[in-house]
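Biologist: I am new to this structure and would be grateful for a close look at one part of it, set in its surroundings. Please take me through it step by step.

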Amino acid sequence: MYMPGYLSGLHKHEWVKHGSCYGKNKESYFLDSINLLSQINNSKIKDFFVKNRGKRVQTAKIRKLFEKEFGNSKNVKFISKDGFLTEIRVKLKGKITPITPLYDLMINAKPQKKGCKIGKIAR
């Protein structure tokens, strides 16, 4: 449910690229990741993506949602490829556990470059 690409082995790539330097074991990495993703999916950010499937959007609109939902948007970077919004990178600061509020991790995080200004949301 959280990683539809599991059947194709995406979890292995995610662990090697992102999790192996996380400082915890695989299970903890994925539990922490699921917690953070669930908080985004239970926010107005997910609703925005669902509503705007197939449309080009200004990332400033998504940034405003991060600000409202999690108190900070200066630590959010948008990545696009071939005109499609492909990635949202969020810098976090603090101890991450399976129950840590994303708000707490975002509010004290350092800013980063904004990235792309417009991207199409895939269907």
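What is the relative accessibility of Asp82, and does this residue count as buried or exposed?

Modeller: The model is a predicted one, and every statement below should be read in that light. Asp82 has a relative accessibility of 72%; because this lies over the 50% cut-off, the residue counts as exposed. Its place is in the loop between strand 2 and strand 3. The backbone of Asp82 also deserves attention, since its phi is near 55°, a positive value in a residue other than glycine. Most residues other than glycine have a negative phi.

The loop belongs to a hairpin: strand 2 and strand 3 are joined with two residues between them, and Asp82 is in the turn. Strand 2 covers residues 76–81 and strand 3 covers residues 84–90; the two pair in the antiparallel sense, over six bridges. Within this pairing, Lys77 stands opposite Arg89 of strand 3.

From the exposed turn, one may follow the hairpin to the interior. The largest nonpolar core has 17 residues, and those with the most contacts inside it are Phe48, Ile62, Phe66, Phe70, Phe78 and Met106. Strand 2 is one of the elements that each supply at least two residues of this core, together with helix 3 (44–51), helix 4 and helix 5 (102–107). The largest share, four residues, comes from helix 4. As a general matter, nonpolar side chains tend to be buried together in soluble globular proteins.

Helix 4 therefore merits a description of its own, as the source of the largest share of the core. The helix has twelve residues, 59–70, which at 1.5 Å a residue should span 16 Å; the end C-alpha atoms are 16 Å apart, so the expectation and the model agree. Thr59, Ile62, Arg63, Leu65, Phe66 and Phe70 are buried in this helix. These residues cover an arc of only 160° around the axis, and so they lie on the same side of helix 4. In an α-helix there are 3.6 residues a turn, so residues three or four places apart point the same way. Lys64 and Lys68, by contrast, are exposed on the other side of helix 4. Gly71 follows the helix, and its phi is positive, near 80°.

Phe66 shows how helix 4 meets the hairpin. Leaving aside its neighbours within four places in sequence, Phe66 is in contact with Ile40, Ile45, Gly71, Asn72, Ser73, Val76, Ile88, Val90 and Met106. Strand 2 includes residue 76, and strand 3 includes residues 88 and 90.

The aromatic rings complete the picture. The count comes to five aromatic pairs. One of them joins Tyr22 and Tyr29 edge-to-face, with 5.3 Å centre to centre and 70° between the planes. Tyr22 counts as partly exposed because its relative accessibility is 25%, whereas Tyr29, at 10%, counts as buried. Phe48 and Phe49 form another edge-to-face pair, 6.2 Å centre to centre with 80° between the planes. Phe48 has a relative accessible area of 15% and is therefore buried, while Phe49, at 22%, counts as partly exposed. Ring pairs also link Trp15, Tyr22, Tyr29 and Phe30 into a cluster.

To return to the residue in question, Asp82 is exposed and sits in the turn of a hairpin, one strand of which, strand 2, supplies at least two residues to the largest nonpolar core.

Technical notes:
Residues are numbered from 1 along each chain as its sequence is written. Side-chain values use heavy atoms; hydrogens and water are left out. The expected span of a helix is 1.5 Å times one less than its number of residues. Buried means under 20% relative accessible area, exposed over 50%, partly exposed in between (1.4 Å probe, protein chains only). The arc is that of the directions from the helix axis to the C-beta atoms. Rings of Phe, Tyr and Trp (its six-membered ring) pair if their centres lie within 6.5 Å; planes under 30 degrees apart count as stacked, over 60 as edge-to-face and the rest as tilted. Two strands pair if DSSP finds at least two bridges between them. A nonpolar core is a set of buried Ala, Val, Leu, Ile, Met, Phe, Trp, Tyr and Cys residues joined through side-chain atoms within 4.5 Å. Contact means heavy atoms within 4.5 Å.
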